[in-house]
Amino acid sequence: MCVDANAGARRAARQRNKEKHANFQQKSLMFFNKETSLARAQNRNVMGYSRDLSDAYVRAIYTQGKGRLRNQKLVANYFGKKKIDQGGRSRTFGRKQYQGLLRSQAEIEGVTRNMFGRNMAYAQEGARRKFQAANAQARQKLGIPPAFGAPVMLPPTDYFTGALQLASTAASIYGGFGFGSGGGGGG
């Protein structure tokens, strides 16, 4: 029977390897949980982005409705106070009031155009930046995935040193009995 001189070191290396695998599995599970949190955060961010866009569109629609109501009141007021040309008046009779109506309508259309044009673009860009910032923050919380690292090296088996120790022990035991010490009693 030969004794392995590195048996203790090999057992310790196997134990370190088991601990390394256990730590890696634990960190992998933690990272997986973070990945599911990232997916949920991204879903929330998409909903927030959609709501921001919808809110901007609703504001534009609301402003358009207010503009149409204002336009309706202006036209009703114009025709309610309009004087009828029954002859004998100037060709430009009532033109000033009509130009005032057109000016007011143009102002209302300009506000509505801005709400659907420039202001909508600002709102969309703001929503997009907010969405991207929230996604970047969620990705940053995710962190980096776990790395296994360098493998644990297993020392080689060393039966030769064990055999030499056995031989050394046997020689010391054999030498302790005094065989071969030259003191035999020959006669």
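These are my notebook entries on helices, pockets and a few single residues in the predicted model above.

**Ground rules**

I am working with a predicted model, in which local features need pLDDT of at least 70 and side-chain atom pairs count only at pLDDT 80 or more, while totals for chains, interfaces and linings use all residues. Residues are numbered from 1 along each chain as its sequence is written, and side-chain values use heavy atoms, with hydrogens and water left out.

**Entry 1: helix 2**

I started with helix 2, residues 95–116. Helices here are DSSP runs of H or I with at least four residues, numbered from the N terminus. How far apart are the end C-alpha atoms of helix 2? I found 31 Å, which agrees with the 32 Å that its 22 residues should span at 1.5 Å a residue. The expected span is 1.5 Å times one less than the number of residues.

Next I looked up which residues of helix 2 are buried (under 20% relative accessible area; exposed is over 50%, and partly exposed is in between, with a 1.4 Å probe and protein chains only). They are Gly 100, Leu 101, Gln 105, Ile 108, Gly 110, Thr 112 and Met 115. Their cover includes helix 1 (7–81) and helix 3 (118–142).

**Entry 2: helix 3**

Helix 3 has 25 residues, and I get 36 Å from its first C-alpha to its last, close to the 36 Å expected. Its buried residues are Met 120, Ala 127, Asn 135, Ala 138 and Leu 142, and they pack against helix 1 and helix 2. Just after helix 3 I noted Gly 143, with a positive phi near 80°.

**Entry 3: the largest pocket**

For a pocket I take an open set of points on a 1 Å grid over the protein atoms alone, where a 1.4 Å probe fits and protein lies on both sides within 12 Å along at least five of seven lines; lining residues have an atom within 4 Å of a point. Its volume is the space filled by probe spheres set on the points, with grid points joined across faces, edges and corners.

The largest pocket holds about 310 Å³ of space. Which elements give two or more residues to its lining? Helix 1 and helix 2 do. Among the lining residues I listed Leu 74, Tyr 78, Lys 81, Phe 93, Gln 97 and Ser 104. Gly 100 and Leu 101 also line this pocket, and both are on my list of buried residues in helix 2. By class, I have four nonpolar, five polar and three charged residues in the lining. The classes are nonpolar for Ala, Val, Leu, Ile, Met, Phe, Trp, Tyr, Cys and Pro, charged for Asp, Glu, Lys and Arg, and polar for the others, Gly among them.

**Entry 4: the second largest pocket and the core**

The second largest pocket has about 180 Å³ of space. Helix 1 and helix 3 are the elements that give two or more residues to its lining, and helix 1 gives the most, with six residues. The lining divides into five nonpolar, three polar and three charged residues.

I then checked the largest nonpolar core, meaning a set of buried Ala, Val, Leu, Ile, Met, Phe, Trp, Tyr and Cys residues joined through side-chain atoms within 4.5 Å. Its five residues are Phe 31, Leu 38, Ala 41, Ala 138 and Leu 142. Helix 1 and helix 3 each supply at least two of them, with helix 1 giving the most, at three. Leu 38, Ala 41, Ala 138 and Leu 142 also appear in the lining of the second largest pocket.

**Entry 5: single residues**

Is Asn 45 of helix 1 buried or exposed? At 16% relative accessible area, Asn 45 is buried. Beyond its neighbours within four places in sequence, I find Asn 45 in contact (heavy atoms within 4.5 Å) with Phe 131, Ala 134 and Asn 135.

Ala 39, also placed in helix 1, is partly exposed at 36%. Its C-alpha is 61 Å from that of Gln 97, 58 residues apart along the chain.

Ala 76 lies in helix 1 and is exposed, at 51%. From Ala 76 to Gly 162 I have 112 Å, C-alpha to C-alpha, at 86 residues apart in sequence.

Tyr 122, in helix 3, counts as exposed at 57% relative accessibility. The C-alpha atoms of Tyr 122 and Ala 56 are separated by 9.4 Å, though these residues are 66 apart along the chain.
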